[in-house]
Every structure is written in C-alpha cells, then in structure tokens.
Amino acid sequence: YQVKRSGRNGVRRFDAALDAELERTVLLTREFQSALTRDQLTLVYQPIYNLKTGELSKIEALVRWTHPEFGVISPSVFIPIAETSGQIMSVGRWVLEQACLQACRWREHHGWAGTVTVNVSPVQFAQPGFVDEVKQALLLSGLPAHKLELELTEGAVIHSPTLVQTALRGLQRLGVEIAIDDFGTGYSSLAYLRDLPIGCIKIDRSFTEDLASPRRAPQYAVALITAIVGIARTLDLQVVAEGVETHEQVEAVRGLGCDFAQGYFFARPLDAGRMDELLDPGQPELNVGWHKRLN
Ligand code: C2E
Ligand code: MG
Ligand code: MG
Ligand code: MG
C-alpha cells in the first residue's frame, strides 16, 4: 500500500532499497567466507540468574562478527547467511568448542559451577554428525556434559522429526541439557514438550516486554506467562524469562513463577574479560545491585 500511495517515484525508491539490500547480502556473504579464518568471530556472554537464590546459574554464549570495515555485525544478520552458505557447520562447531573451553576456564579460575548455554541452528542440528560434534567439544574441553545446555528454537524441533528425535536422544544419553529458545513465537504443537527430552523453556522477550508496556495490555502477557509456567510445572521444566530490562519486569516474572531471568537489567552480553570480573567474588559489582534489590 505504501508503494501505491507514493506513486511511480515510490516504486523506484522501493526497488532501489531492495537492490541495496540484495547487494549488501551478496557483499556480506562474500566477506563472511573468511570471517572464521581471519579471527573475526568472537563470543560474548550474558548471565542468567536464578530468581530464587540470586545465583548466576547459567551463561549464554552469543556470537559476534567484527568486520574490519563494517564493525560489529549482529548474528541475526550473519547466521542466516551462514545457514545458506553452509558455513553454519564450521561456525557452529567453533562456537560450541569456544563456549565449552571458556566455561571450563570459569570453572577452574572462579569455581563457577553453572551451565553454559549455546544456540544451535536448525540447519546444524539436522545434520547427522551433530551429536558426535557435541561429544568432541566436551572431550576437547573437559566440560561435564550436564553443564552444557543447547538452545533450540521450536522450528528446529519440528523440522525433520525423526532425525531430530535421534539427535535429541543421543544428546540425552550424553547428559547434555536442551532448552527451547524464543518459546511461544514459533509454530509447533505442545506435544513435543512432553515427548522429547527437553529440560527448559525460554520465554521469548516479546512477552516480557509486554509486561510493562504502556502500549499493549500487560494482562495478556501476565496470562500467557502464567499459562507457560503452568505447563512447565506440570512437565517439570525450568523456565527462563528472556529480555528482562527493568526492575518491574524482574519482579513480575519472579512473581509469575519463572525460575531464571536474563536481560539488560542484569547485564548486556559481556566479553570474556568482563565476565571474569562478574564471576570474581572480589568485585561482583554487576550482580550485587540487583540481588540487594530482590531481598
Ligand atoms: P537469542 O538466542 O534469543 O538471544 C537473545 C538475544 O537477545 C541476544 O541478541 C541478546 O543480546 C538479546 N538480549 C538479551 N537481553 C536483552 C534485553 O534485555 N533486551 C533486548 N532488547 N535484547 C536482549 P543477539 O546476541 O544479537 O543474538 C540474536 C540471535 O542470534 C540469538 O537470539 C540467537 O538466535 C542467534 N545467535 C546468537 N549467537 C548464536 C550462535 O552462536 N549460533 C546460532 N546458531 N545462533 C546464534
Ligand atoms: Mg538463545
Ligand atoms: Mg531467545
Ligand atoms: Mg529471543
């Protein structure tokens, strides 16, 4: 309708925008080819807190691409590119190994006994060698399997069901934990929660956002989160609230029974050095504040 309203010039502008978008994708696809070998990928880490005890229970690893010219590029931009080009396999393996190695360093240096969580692309998950790769990363790093949690989206779980089921059972045998990321935003039946070895659901940020939104009625978010927590209790799953940005939202998700929370309110994704500071009991500046506020 925007095209119609703005007439011929509008159409031309629209085409130009599409062209620019396509050009950008082609350029980034080419540039991404050497990202891994040129050491342009890094991991950042975001803490996930236990809302009952205040403990830093989990840390999510998030990949970043720093291009020498374009700067930091978001994974929402380059992960789809890597999925199309097939590079997601090598990128995914690298992320997994780095995250496991880093978690082991934190275990050794800070006595941290938490779980590291790693995002897995459906493309990566659907390849037959995936479980072996996970096993390799665990062996290489020495991380106990139950301290690794893989985050899958609902889409990944319903895609190619038999292969996925085999992979999930293989991971279960290893002792690796599975979480469903962005829960409530995908298209899937709820039966998989009952039938597959899933231990945790991460409620999508959009629900948390609505809790304190002046625009959308918070009672809907409250009802939905309450329902999700109810399902999780029945099926004995952990619940993480994603995207918690305000104190009000922390109190809300805690009150609604979520077990864990993650978001800018606690900390933005941090580089490994900053995470070291956070885990160092000598200088726990970042988490002491909110813990006090909770108690
Ligand atoms: P995700 O797994 O749902 O990760 C959460 C995203 O929300 C992260 O964005 C994080 O920085 C952001 N976030 C955390 N707290 C807040 C908050 O309070 N407010 C807001 N507005 N945002 C918050 P990021 O790092 O840009 O990652 C985007 C997505 O890219 C991730 O969503 C995940 O699906 C994907 N991704 C990231 N790293 C990897 C990876 O290593 N492998 C794969 N396959 N996907 C990855
Ligand atoms: Mg995630
Ligand atoms: Mg998520
Ligand atoms: Mg999300």
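Donors are taken here as N, O and S atoms within 2.8 Å of the metal (3.2 Å for Na, K and Ca), and because water is not among the atoms, sites may look incomplete. The structure is a predicted model, in which local features need pLDDT of at least 70 and side-chain atom pairs count only at pLDDT 80 or more, while totals for chains, interfaces and linings use all residues. Residues are numbered from 1 along each chain as its sequence is written, chains are lettered from A and ligands numbered from 1 in the order in which they are written, and side-chain values use heavy atoms, with hydrogens and water left out.

On this basis, Asp 181 bridges the magnesium ion (ligand 3) and the magnesium ion (ligand 2), which lie 3.9 Å apart. The magnesium ion (ligand 3) is coordinated at 1.9 to 2.7 Å by Asp 181 (OD), Asp 182 (OD) and Glu 242, the last of which is listed twice through OE; in sequence, these donor residues follow the spacing D-D-x59-E. Asp 181 lies in strand β6 and Glu 242 in the loop between β8 and α11 (247-255), so the pair ties together parts that are 61 residues apart in sequence. Helices (H or I, at least four residues) and strands (E, at least two) are DSSP runs, numbered from the N terminus. Both Asp 181 and Glu 242 are buried, a term that denotes under 20% relative accessible area, as against over 50% for exposed and partly exposed in between (1.4 Å probe, protein chains only).

For the magnesium ion (ligand 2), the protein donors are Glu 60 (OE), Asn 119 (OD1), Glu 151 (OE) and Asp 181 (OD), lying 2.0 to 2.2 Å from the ion, with the sequence spacing E-x58-N-x31-E-x29-D. Distant parts of the chain are linked by Asn 119 in strand β4 (residues 115-119) and Glu 151 in strand β5 (residues 148-153), 32 residues apart. Asn 119 counts as partly exposed, at 29% relative accessibility, whereas Glu 151 is buried, with a relative accessible area of 2%.

Helix α10 comprises the 18 residues 218-235, and its end C-alpha atoms are 26 Å apart, in agreement with the span of 26 Å expected at 1.5 Å a residue, that is, 1.5 Å times one less than the number of residues. Within α10, Ala 221, Ile 225, Ile 228, Val 229 and Ala 232 are buried. They cover an arc of only 100° around the axis, which puts them on the same side of α10, the arc being that of the directions from the helix axis to the C-beta atoms. The buried residues of α10 pack against β6 (177-183), β7 (200-203), α9 (205-211) and β8 (238-241), contact meaning heavy atoms within 4.5 Å. The face turned away from the buried side of α10 carries the exposed residues Tyr 220 and Thr 234.
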